[in-house]
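Colleague: Could you walk me through this one? I'd like to start with the ligand and then ask about the domains.

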Amino acid sequence: MWLTWRAATERALYGEDGFYLRERPSGHFRTSVSASAAFADAVVALLEEVDAELGGPDVLDLVDVGAGEGMLVTRVLAAAKPALRDRLRVTAVDLSPRPEGLPARVAWRRSVPVGITGLVIANEWLDNVPLDVAEQTADGPRLIMVDIRTGEERLGGPLRPADRAWLDRWWPLSRVGSRAEIGRPRCEAWASVLVRLKRGRAIAIDYAHPVDNRPLCGTLTGYRDGAVVTPIPDGTCDITAHVALDACADAGRRAGAISTTLSTQRDALKALGINGARPPIDLARADPRGYVRALARASEEGELIDPSGLGGFGWLIQRR
Ligand SMILES: C[S@@+](CC[C@H](N)C(=O)[O-])C[C@H]1O[C@@H](n2cnc3c(N)ncnc32)[C@H](O)[C@@H]1O
């Protein structure tokens, strides 16, 4: 069966018995959340900042969009000080079923709630929002169609006007044969988060590329069992593509964001106290076990801020 990439990915990842409804993400790839508890500690630090900005409300929302196995919210609840933890209303949003063992106080939903006062965090969510792929031809951009059983591709029809407008603004194609991933559904998804944020911050974290440096042939990739595989939309692998976070930022502004910061995970985490510093050598004598623990933690922090790895991820931070 031939479909556009967006329809094929929707079906493969989230359709009946789709990849994400069946599989646990950590079995297939590593994210900052699963790499280290230091990431959750950084989110606690963010929550403390947002709490202070909002004047310490009686109820402070933490909404994790694309929550996967719920590891981030579980770790945040374990790490937050009681004075903050007791005021947190924690919501995990995902299309997959509620994971077993999730703390009872975490609400598990398929859609982002309205009226959020607090922090929304979306780590590696947008890269899994399905999108269409276009290829430049002598007659302008055309949609790519894909065979959902084999991953074979062929040219389809011209783009819908809204997709063409997105491409012209955010990923202009010049050379015949060059390809682009049409990020419009991700912009809409991000805007839908911003409209549900009443007051506070929304943060999207993902591998990203800027408008003046989009990859020539796109970034569509498959992951299975920890390895990169050909992206065949048959439900047996994850299908992902880097995110045009600058375009999402623009959509967020139109949806009501009053301030926008685009930075890297390295810079954002360092500002929150995650710096990969090794423990002092004196600790090795005074507390050998503590020293080994601190060394392991430093190494995990190093992975989170490595500029050629997770540290190179984009952080889009918007406020309302
Ligand atoms: C790559 S996983 C990230 C999991 C987790 N945030 C982490 O960092 O480990 C992406 C998750 O987004 C979820 N997802 C994708 N589209 C969604 C949507 N429209 N609404 C809710 N969840 C979605 C998928 O089911 C999947 O669990």
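Modeller: Happy to; we can take the ligand and then the domains, keeping in mind that this is a predicted model.

Colleague: Okay, how many residues surround the ligand, and which are the closest?

Modeller: The ligand is surrounded by 14 residues, and the closest are Tyr14, Thr31, Gly66, Asp94 and Asn123. Sorted by class, this shell holds 7 nonpolar, 5 polar and 2 charged residues.

Colleague: What does Gly66 offer the ligand, backbone or side chain?

Modeller: For Gly66 it is the backbone, one of whose polar atoms is 2.6 Å from a nitrogen atom of the ligand. Asn123, by contrast, uses its side chain, where an N or O atom is 2.8 Å from an oxygen atom of the ligand. There is also Trp125, with a polar side-chain atom 3.4 Å from a ligand nitrogen atom.

Colleague: And how much of the ligand does the protein bury?

Modeller: The protein buries 90% of the 600 Å² that the ligand exposes when taken alone.

Colleague: Where does the ligand sit?

Modeller: The ligand sits in the largest pocket.

Colleague: Switching topic, how is the protein divided into domains?

Modeller: Domain 1 is made up of the segments 2–130, 181–271 and 306–319, while domain 2 covers 278–302.

Colleague: How many Å separate their centres, and how many residues are in contact?

Modeller: Taken over C-alpha atoms, the centres of domain 1 and domain 2 are separated by 31 Å. As for contacts, 6 residues of domain 1 are in contact with 4 residues of domain 2.

Note on methods. Residues are numbered from 1 along each chain as its sequence is written. This is a predicted model: local features need pLDDT of at least 70, side-chain atom pairs count only at pLDDT 80 or more; totals for chains, interfaces and linings use all residues. Side-chain values use heavy atoms; hydrogens and water are left out. A residue is near a molecule or strand if one of its heavy atoms lies within 4 Å of it. A polar contact is a pair of N or O atoms within 3.5 Å; within protein, one must be able to donate a hydrogen and the other to accept it, and residues adjacent in sequence count only if both atoms are side-chain atoms. Accessible areas come from the Shrake-Rupley method with a 1.4 Å probe; for residues, only the protein chains shown count as cover. On a 1 Å grid over the protein atoms alone, a cavity is a set of points where a 1.4 Å probe fits but cannot get out, and a pocket is an open set with protein on both sides within 12 Å along at least five of seven lines; lining residues have an atom within 4 Å of a point. A molecule sits in a cavity or pocket if more than half of its atoms lie within 2 Å of its grid points. Ala, Val, Leu, Ile, Met, Phe, Trp, Tyr, Cys and Pro count as nonpolar, Asp, Glu, Lys and Arg as charged, and the others, Gly among them, as polar. Domain bounds come from an automatic or database domain assignment. Contact means heavy atoms within 4.5 Å.
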